[in-house]
Amino acid sequence: MNTIKFYYEYEDYGYLSNYWLVDIDLDGKIWPSSEHYYQANKSLDENFREKVRAAATCDDAKNLGNSEECIYRPDWIACKDDVMMKVLRAKFTQHDDLRKLLLDTGDAILMENSQKDYYWGIGADGTGKSMLGKLLMKLRDELKEN
């Protein structure tokens, strides 16, 4: 089985990264990246969410989402996969070029090659859950059916 590992937005398959800068129209606002949307949705505070949305870079958005300033919504652990899937679905359905690129990965196993993240990525030793890759493969299957 073919495996595609991705991580940095400027490398091969960088469009799979949440750091890929592309406008995403979601919840009545334009988000600069899926990372911005994901990090903002950790909180229910509208002012905080807007601060994350306006962050200059994906790193800035991530840092805000991981800061003490972020008051996590009580259901965050239960809903974070759904939030990620929602923004991925928007990203890959609102941009025909990205949808085609995702579909062009065929039946390859997609893995976020993060050395630090054992939930969204594969982690340093490759034993991580790779949930980002799993959600992208699920979305790819949905797009194939349509």
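**Side-chain contacts at a glance**

The structure holds 7 aromatic pairs, counting rings of Phe, Tyr and Trp (its six-membered ring) whose centres lie within 6.5 Å. One of those pairs is Tyr7 with Tyr8: ring centres 4.7 Å apart and planes at 75°, so it goes down as edge-to-face. There are also 9 salt bridges, while a search of the whole structure turns up 0 disulfides.

Before you dig in, keep in mind that this is a predicted model, where local features need pLDDT of at least 70 and side-chain atom pairs count only at pLDDT 80 or more, though totals for chains, interfaces and linings use all residues. Residues are numbered from 1 along each chain as its sequence is written, and side-chain values use heavy atoms, with hydrogens and water left out.

**Aromatic rings**

- On pair geometry, planes under 30 degrees apart count as stacked, over 60 as edge-to-face and the rest as tilted.
- Both partners of the edge-to-face pair are partly exposed: Tyr7 has a relative accessible area of 29%, and Tyr8 has 38%. (Buried means under 20% relative accessible area, exposed over 50%, and partly exposed in between, with a 1.4 Å probe and protein chains only.)
- Tyr13 and Tyr15 make a tilted pair, because their ring centres are 6.3 Å apart and their planes sit at 50°.
- Here the two partners get different labels: Tyr13 is partly exposed at 35%, whereas Tyr15 is buried at 8%.
- Tyr38, Trp76, Tyr119 and Trp120 come together as one aromatic cluster.

**Charges over rings**

- Lys80 puts its charged end over the ring of Tyr119, 4.0 Å from the ring centre. (To qualify, NZ of Lys or CZ of Arg has to be within 6 Å of the ring centre and within 35 degrees of the ring normal.)
- Tyr119 is also one of the residues in the aromatic cluster.
- Arg53 lies over the face of Trp31, at 6.0 Å from the ring centre.

**Salt bridges**

- Side chains of opposite charge can pair when their charged atoms come close. The cut-off used is a side-chain nitrogen of Lys or Arg within 4 Å of a carboxyl oxygen of Asp or Glu.
- Glu69 and Lys51 meet in a salt bridge at 2.9 Å, N to O. This pair links distant parts of the chain, 18 residues apart: Glu69 is in the loop between helix 3 (58-65) and helix 4 (76-94), and Lys51 is in helix 2 (residues 46-53). (Helices are DSSP runs of H or I, at least four residues, numbered from the N terminus.)
- Glu69 is partly exposed at 41%, and Lys51 is partly exposed at 41% too.
- Arg99 bridges to Asp96, with the closest N and O atoms 2.1 Å apart. Both lie in helix 5 (residues 96-103), 3 residues apart, or about one turn of the helix.
- Arg99 is partly exposed at 23%, whereas Asp96 is exposed at 53%.
- Asp104 and Lys100 form another salt bridge, at 2.7 Å from N to O.
- Lys29, Glu50 and Arg53 are joined into one network by salt bridges that share partners.

**Cysteines**

- A disulfide is a covalent bond between the sulfur atoms of two cysteines. The search for them, with sulfur atoms required to be within 2.5 Å, finds 0.
- Cys58 is in no disulfide, and the nearest cysteine sulfur, that of Cys70, is 16 Å away. Cys58 is buried, at 6% relative accessible area.
- Cys79 is in no disulfide either, with the sulfur of Cys70 again the nearest, 12 Å away. Cys79 counts as buried at 11%.

Notes:
Helices (H or I, at least four residues) and strands (E, at least two) are DSSP runs, numbered from the N terminus.
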